[in-house]
Amino acid sequence: MHKVLDLFAGIGGFSYGLEKTKAFETTAFCEIDKKAQLVLNKHWPDVPIYEDIKELTYERLEADGTLPTVITGGFPCQDISVAGKGKGIHAERSGLWSEM
């Protein structure tokens, strides 16, 4: 079974889809939004949620026993979306892709 770290997890869409295949198990989320965390906690009550991707390290995952074999993530796109302000890929939110 593949162990998944779901970055910028939102409400867990990637994890949900992967787990439906029966070949993946989510071992950790990284999501800063408190409302999204409530949804994740409801559906995955035993899976840890790390809040800040800037503070998440290999060493932390290893120490917590949550090392993944698969990393997924839908990084924030507000800064590059046509509905956004067009600040670009290196702006505050969309620039977080580099943390992946």
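Two strands count as paired when DSSP finds at least two bridges between them. The views below come from a predicted model.

**View 1. Four strands make an open, parallel sheet.** The strand order is S3-S2-S1-S4. Strands S3 (49–50) and S4 (70–73) are the edge strands. Each of these two pairs on one side only.

**View 2. Strand S1 runs parallel to its partner S4.** S1 covers residues 2–7. Four bridges join S1 and S4. Within this pairing, Leu5 stands opposite Ile71 of S4.

**View 3. Helix H1 packs on the sheet.** H1 spans residues 13–20. The helix touches S1, S4 and strand S2 (24–30). The directions of H1 and S2 make an angle of about 170°.

**View 4. Nine residues build the largest nonpolar core.** Leu5, Leu7, Phe8, Ala28 and Cys30 are among them. Tyr50, Ile53, Leu56 and Leu61 belong to this core too. S1 supplies at least two of its residues, and so does S2. In soluble globular proteins, nonpolar side chains tend to be buried together.

**View 5. Leu56 contacts other members of the largest core.** Neighbours within four places in sequence are left aside here. What remains in contact with Leu56 is Leu5, Leu7, Cys30, Tyr50 and Leu61.

**View 6. A second core is separate from the largest one.** This core has five residues. Ala9, Phe29, Leu40 and Trp44 are among them.

**View 7. A salt bridge between Glu51 and Lys34 links distant parts of the chain.** The two side chains meet at 2.5 Å, N to O. Glu51 sits in the loop between S3 and helix H3 (58–64). Lys34 belongs to helix H2 (residues 34–43). The partners are 17 residues apart. Is Glu51 buried or partly exposed? Glu51 counts as partly exposed because its relative accessibility is 38%, and the partly exposed class lies between under 20% and over 50%.

**View 8. Arg60 and Asp64 form a salt bridge within helix H3.** The closest N and O atoms are 3.1 Å apart. Both residues lie in H3, four residues apart. That spacing is about one turn of the helix. Arg60 has a relative accessible area of 43%, so Arg60 is partly exposed. Asp64, at 39%, is partly exposed as well. How many salt bridges does a search of the whole structure find? The search finds two.

Note on methods
Residues are numbered from 1 along each chain as its sequence is written. This is a predicted model: local features need pLDDT of at least 70, side-chain atom pairs count only at pLDDT 80 or more; totals for chains, interfaces and linings use all residues. Side-chain values use heavy atoms; hydrogens and water are left out. Contact means heavy atoms within 4.5 Å. Axes are lines fitted to C-alpha atoms, for helices over the stretch in contact, and angles run from 0 to 180 degrees between N-to-C directions. A nonpolar core is a set of buried Ala, Val, Leu, Ile, Met, Phe, Trp, Tyr and Cys residues joined through side-chain atoms within 4.5 Å. Buried means under 20% relative accessible area, exposed over 50%, partly exposed in between (1.4 Å probe, protein chains only). A salt bridge is a side-chain nitrogen of Lys or Arg within 4 Å of a carboxyl oxygen of Asp or Glu.
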